[in-house]
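Grab a pencil and have a look at the chain below. We'll work through a handful of exercises together, one step at a time.

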Amino acid sequence: MEKKTPSASRTVMTDLVLPGEANHLNAMFGGELLARMDRAASIASQRHSGCATVTVSVNHVAFTHSIPVGSVVTVEAAISRAFSSSMEVYIDVWMEDMHGQRLKATEAIYSFVAVDHNGKPVKVPELLPETPLEHERYQGALQRRQLSLVIAGKMSPHDATELKALFTELESVKG
């Protein structure tokens, strides 16, 4: 199976925030934004895997800035790590006002699984990060995955080697 780069899965969706998508404070509903992020992440995961994918989890969402009505919203999604059949998708959301001021509004991490026509998981291509940011996100994905598995009781903390290495590194910085 051919290896792929994050840029091969990169998905960019741009749209305008309309009044019907806003709350009583005239800012975009969080649920509306989550749906847009899910669609972009779904496209990115399908581009990487070459087959249908399903959302497994929303692992992290940080709403840093509210997005006012009339703003242009750009959702950028790309695979940050591919495992056997699952993929981590990193999402950056940018907002732009009428004057062209651009600001990062939200960051999120979703997990998807590639499936066949019967809904059974299928193997996905390996990911080859290229840029420093892609390498950082790639490395962090394994730590995030191990943490999720430990919390879910599917992995022993003793087997979470990447997490242990991270904590060892943090301890050495403190000491």
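Two residues are in contact when they have heavy atoms within 4.5 Å of each other. One caution before we start: this is a predicted model, in which local features need pLDDT of at least 70 and side-chain atom pairs count only at pLDDT 80 or more, while totals for chains, interfaces and linings use all residues. Residues are numbered from 1 along each chain as its sequence is written, and side-chain values use heavy atoms, with hydrogens and water left out.

**Exercise 1. Sketch the chain's layout.**

Step 1: Count the elements. Helices (H or I, at least four residues) and strands (E, at least two) are DSSP runs, numbered from the N terminus. You should get four helices and five strands.

Step 2: Put them in order. Along the sequence, the pattern reads α-β-α-β-β-β-β-α-α.

Step 3: Add the dimensions. The C-alpha trace spans about 50 × 50 × 30 Å along its principal axes.

**Exercise 2. Find the largest nonpolar core and the elements that build it.**

Step 1: Get the terms straight. Buried means under 20% relative accessible area, exposed means over 50%, and partly exposed is in between (1.4 Å probe, protein chains only). A nonpolar core is a set of buried Ala, Val, Leu, Ile, Met, Phe, Trp, Tyr and Cys residues joined through side-chain atoms within 4.5 Å.

Step 2: Pick out the core. The largest one has 25 residues, and Ile-67 and Ile-91 have the most contacts inside it. Helix 2 (30–49), strand 3 (72–82), strand 4 (86–96) and strand 5 (102–115) each supply at least two of its residues. In soluble globular proteins, nonpolar side chains tend to be buried together.

Step 3: Zoom in on Ile-91. Beyond four places in sequence, Ile-91 touches residues including Met-37, Ala-41, Val-75 and Tyr-110.

**Exercise 3. Is His-48 buried or exposed, and what does it touch?**

Step 1: Locate it. His-48 sits in helix 2.

Step 2: Check the area. His-48 is buried, because its relative accessible area is 0%.

Step 3: List the neighbours. Skipping residues up to four places away in sequence, His-48 touches Lys-4, Ser-9, Ile-79, Ala-82, Met-87, Val-124, Pro-125, Glu-126 and Leu-127.

**Exercise 4. Trace the surroundings of Ser-9.**

Step 1: Place Ser-9 in helix 1 (residues 6–9). Ser-9 counts as buried because its relative accessible area is 1%.

Step 2: Look for contacts. Outside four places in sequence, Ser-9 meets Ala-44, Arg-47, His-48, Ala-77, Ala-78 and Ile-79.

Step 3: Follow the side chain. The side chain of Ser-9 reaches the backbone nitrogen of Ile-79 at 3.0 Å.

**Exercise 5. Compare the settings of Lys-3 and His-117.**

Step 1: Start with Lys-3, in the segment before helix 1. Lys-3 is partly exposed, because its relative accessible area is 42%.

Step 2: Measure across the sequence. Lys-3 and Val-124 are 121 residues apart in sequence and 9.1 Å apart in space, C-alpha to C-alpha.

Step 3: Move on to His-117, in the loop between strand 5 and helix 3 (132–151). His-117 is exposed, because its relative accessible area is 78%.

Step 4: Do the distance again. His-117 and Glu-76 are 41 residues apart in sequence and 27 Å apart in space, C-alpha to C-alpha.

**Exercise 6. What is the phi of Asn-26?**

Step 1: Find Asn-26 in the loop between strand 1 (11–16) and helix 2.

Step 2: Read the angle. Asn-26 has a positive phi of about 65°, although it is not a glycine. Most residues other than glycine have a negative phi.

Note on methods: A polar contact is a pair of N or O atoms within 3.5 Å; within protein, one must be able to donate a hydrogen and the other to accept it, and residues adjacent in sequence count only if both atoms are side-chain atoms.
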